[in-house]
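Q: Could you take a close look at one part of this model for me? I'd like to hear how chain B is put together and how it sits against its partner.

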Amino acid sequence: MPVLFGFAAIIAIVATVMAISRLNAVHALLYLVPSLLAVAVAIYALGAPYLAALEVIIYAGAIMVLFVFVTMMLNLGEASKRQEQQWQPGRGWIGPTILAALLFAAFLVSLLRAGPPTAAHYVGPHDVGLALMSTYVLGVELASMLLMGAAVAAYHLGVAVVGKQQKATEAETAAKVGAP
Amino acid sequence: MTHMGLLLAAVLFVLGLAGLLARRNLLMILVSIEIMLNAAGLAFIAAGAAWNQADGQVMFLFILAVAAAEVAVGLALVLQLHHQTKSVDADRANHMRG
């Protein structure tokens, strides 16, 4: 399991570095998918197979589909890539890298003080389900309400854009039909 | 082993933070937030594996729900902003008037 975890960790880190540094949004998303899949393998190696499956289905599946769909819908193309090249002279990364390195140093210090490393225990779906439906049942209800609210909000925000676009195309076709 | 899990979570979180600070493309900012949320969830799972408790995995499930809700609303906002400004530049939103 440590070997599997090591492989997954290396792939996850490399893919994430590629994902945050790509100029084209579609390329970044394509690199993010192997990153999330590698994290799923790492989660499996840590002894949580149920959550590894959920990571593949929800993160690498549902959320990525949403991202890819919106990126394709925006249809950014060549102009946005040129704009990105103007934004990325390289110097823009200095400040963020220093801040991130400081935070990472803080993480490292707290990890080194955390005491001797322990073995990863296997916690199966049965225990997770029991905890979810007994101790955390209120949290499950709240999560369902949050998702419902998010769906309503996304519909409300999206319908204005899509409705306007539809009206514009309808007006265009009406003008074309009316012109001759 | 669980220390390595926490270390991986720290590296991924820091990478997401650097991307969030450095990029100006709204889509890439959302991607960086996803990376950070995912790293936080991984830290919860490593902690749960260290203590032999299911609570860490339950927390990851809640983070999953929050990430899904966040990305749905966030992408709808990106669509709306792209419709108004014809760009995914975060700086274009600095002159919103109502």
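A: Let's start with what "buried" stands for here: a residue counts as buried if 20 or more other C-beta atoms lie within 10 Å of its own. By that yardstick, 58% of the 98 residues in chain B are buried. Do keep in mind that this is a predicted model.

Now for the overall build. Chain B has three helices and zero strands, so to speak an α-α-α run when you read from the N terminus on. Its C-alpha atoms fill a box of roughly 50 × 25 × 15 Å along the principal axes. The radius of gyration of chain B is 16 Å, whereas a compact globule of 98 residues would come in near 13 Å. As for how the chain contacts itself, take the contacts in chain B with a separation of 6 or more: 51% of them are between residues 24 or more positions apart.

Next, the pairing inside chain B. Helix 1 of chain B covers residues 2-22 and helix 2 of chain B covers residues 26-51; their axes come within 8 Å and cross at roughly 165°. Since an angle over 145 degrees counts as roughly antiparallel, that makes helix 1 of chain B roughly antiparallel to helix 2 of chain B. The crossing of these two helices is left-handed. If you sort the residues of their contact by class, you get 21 nonpolar, six polar and no charged.

Then there's the partner. On the chain A side, 69 residues are in contact with 59 residues of chain B. Elements giving two or more residues to that side of chain A include helix 1 (2-21), helix 3 (49-74), helix 6 (125-134) and helix 7 (137-178) of chain A. By class, the side of chain A that touches chain B has 56 nonpolar, 11 polar and two charged residues.

Let's zoom in on one spot between the chains. Helix 6 of chain A packs on helix 3 of chain B (residues 55-85) at an angle of about 65°, with the axes 9 Å apart. The two helices are therefore roughly perpendicular to each other, and helix 6 of chain A passes helix 3 of chain B in a right-handed crossing. Who meets whom? From helix 6 of chain A come A:Val128, A:Ala131 and A:Leu132, and they meet B:Asp55, B:Gln57, B:Val58 and B:Leu61 in helix 3 of chain B. The residues of that contact divide into five nonpolar, one polar and one charged.

Conventions: Residues numbered from 1 in each chain as written. Chains lettered and ligands numbered in written order. Predicted model: local features only at pLDDT ≥ 70, side-chain atom pairs only at ≥ 80, totals over all residues. Axes fitted to C-alpha atoms, helices over the stretch in contact; angles between N-to-C directions. Helix = DSSP H or I, 4+ residues; strand = E, 2+ residues; numbered from the N terminus. Parallel < 35°, antiparallel > 145°, perpendicular 65-115°, else oblique. Left-handed = near helix turned anticlockwise from the far one by under 90°. Nonpolar A, V, L, I, M, F, W, Y, C, P; charged D, E, K, R; others polar. Contact = placed C-beta atoms within 7 Å. Rg over C-alpha atoms; globule rule 2.2 N^0.38 Å. Buried ≥ 20, exposed ≤ 12 C-beta atoms within 10 Å, placed from the backbone.
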